[in-house]
Amino acid sequence: MSDGDQNVSEIAGLSRGQVWPREALQTATEDWLADEVPVALVYNGISHVVMMATPKDLQAFALGFSLSEGIISSPGDIYGMDIHAACGGIEVQVELSSRRFMALKAQRRAMAGRTGCGVCGVEQLAEIGKPIQPLPFSQTFELNLLDTALAQLKNYQPVGQMTGCTHAAAWIMPDGNLAGGCEDVGRHVALDKLLGKRSQQNHWRQGAVLVSSRASYEMVQKSAMCGVEILFAVSAATKLAVEVAQRSNLTLVGFSKPGRATIYTHPQRLR
């Protein structure tokens, strides 16, 4: 293995695997593969959800998921967090405040079950449209700075650059530069990781979220739950995503590519 390969191998979330390229089907070669493992979020000893995720930035993931799902209202509601291997996957043990844990148990009693997607198993369809406090109109963004952010997005996808297998979510500062970002094989997990990181950065208040994927209703809902006013998606938005964005006062922009953007809701924040 070369020195370059050694450096690459230190990137969390990467593994080696055999592949057969089209032009040489008789000869196997090695290539990089993105890791995807079950990650269980366990609150006060009770397993709440298992997600398939890239095993990196898991503290940020647990924090962002807890915020975007309304399990906590601020990082201070979490008293401790431990991460360890278990049953062929990873457990993130989260210690919640008593008040938040009681609320979570009450929520669980109203649900028939949870699966990895976070939607299937909800007893009542109304749970999908959970109430969101309408966002204020305190943010603005210069659309001509979007190209600057797009050019930097791959910088936060080291696994993706080696495998072509991850989504990214990043925080755009008002000047168009990216303050930070996260990647994962799952677009929702990448966003949760970013929202978790953002909650611990006081200077990430002004700006917007940029995701490398389409905008589903869940991406919009997670962003709005965490106070994000502007969401840029590289691909399209679904009809339900637009409805949730309209209702929550979030500015939703799709097809965010160099020289292009389609604004679905609340264009008054963009200049």
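Strands, in the sense used on this tour, are DSSP runs of at least two residues in state E, numbered from the N terminus. The model on screen is a predicted one, and the tour begins in one of its strands.

**Stop 1: strand β7**

Select residues 167-172, which form strand β7, and pick out Ala168 within that strand. Is Ala168 buried or exposed? Ala168 is buried, because its relative accessible area is 2%, and the cut-off for a buried residue is under 20%. With Ala168 still selected, display what surrounds the residue: leaving out residues up to four places away in sequence, Ala168 touches Leu153, Gln157, Cys182, Glu183, Ala190, Leu210, Val211 and Ser212. If you then draw a distance from the C-alpha atom of Ala168 to that of Asn155, a residue 13 places away along the chain, the viewer should give 9.7 Å.

**Stop 2: the whole chain**

Zoom out and colour by secondary structure, and the chain comes to eight helices and twelve strands. Buried residues account for 48% of the 271 residues in the chain, and, of the contacts between residues at least 6 apart in sequence, 52% join residues at least 24 apart.

**Stop 3: helix α2 and its surroundings**

Now select residues 58-68, helix α2, which is largely enclosed by the rest of the structure, since ten of its eleven residues are buried. The buried residues of α2 are Leu58, Ala60, Phe61, Ala62, Leu63, Gly64, Phe65, Ser66, Leu67 and Ser68. What do these buried residues pack against? Their partners are the strands β3 (37-43), β4 (46-53), β5 (78-86) and β6 (89-96), together with the helices α6 (187-198) and α7.

Keep α2 in view and add α6, whose axis lies 6 Å from that of α2 at an angle of about 90 degrees. That angle makes the two helices roughly perpendicular. On the α2 side the contact uses Ala60, Phe61, Leu63, Gly64, Phe65, Leu67 and Ser68, which meet Val189, Asp192, Lys193, Leu195, Gly196 and Lys197 in α6. By residue class, this contact divides into seven nonpolar, three polar and three charged.

**Stop 4: from Gly70 to Arg100**

Step along the chain to Gly70, just after α2, where the backbone takes a positive phi of about 75 degrees. Gly70 is also one of the contacts of Arg100, which, leaving aside neighbours within four places in sequence, touches Ile71, Ile72, Ser73 and Asp77 as well. Arg100 itself belongs to helix α3, residues 98-109, and is buried, with a relative accessible area of 16%.

**Stop 5: helices α7 and α8**

Select residues 217-225 for helix α7 and add α8; their axes are 7 Å apart and cross at an angle of about 20 degrees. The two helices are therefore roughly parallel to each other. In this contact Tyr217, Val220, Gln221 and Ala224 of α7 meet Leu240, Ala241, Val244, Ala245 and Ser248 of α8, a set that divides into seven nonpolar, two polar and no charged residues.

Finish in α8, residues 239-248, by selecting Ser248. Ser248 is buried, with a relative accessible area of 2%, and, not counting residues up to four places away in sequence, touches Ile132, Pro134 and Leu135 in addition to Ala224.

**Stop 6: aromatic rings**

Last, display the aromatic side chains, among which the structure holds two aromatic pairs. Centre the view on Trp32, where Arg16 lies over the face of the ring, at 4.1 Å from the ring centre.

Conventions: Residues are numbered from 1 along each chain as its sequence is written. This is a predicted model: local features need pLDDT of at least 70, side-chain atom pairs count only at pLDDT 80 or more; totals for chains, interfaces and linings use all residues. Side-chain values use heavy atoms; hydrogens and water are left out. Helices (H or I, at least four residues) and strands (E, at least two) are DSSP runs, numbered from the N terminus. Buried means under 20% relative accessible area, exposed over 50%, partly exposed in between (1.4 Å probe, protein chains only). Contact means heavy atoms within 4.5 Å. Rings of Phe, Tyr and Trp (its six-membered ring) pair if their centres lie within 6.5 Å; planes under 30 degrees apart count as stacked, over 60 as edge-to-face and the rest as tilted. A charge sits over a ring if NZ of Lys or CZ of Arg is within 6 Å of the ring centre and within 35 degrees of the ring normal. Axes are lines fitted to C-alpha atoms, for helices over the stretch in contact, and angles run from 0 to 180 degrees between N-to-C directions. Angles under 35 degrees count as roughly parallel, over 145 as roughly antiparallel, 65 to 115 as roughly perpendicular and the rest as oblique. Ala, Val, Leu, Ile, Met, Phe, Trp, Tyr, Cys and Pro count as nonpolar, Asp, Glu, Lys and Arg as charged, and the others, Gly among them, as polar.
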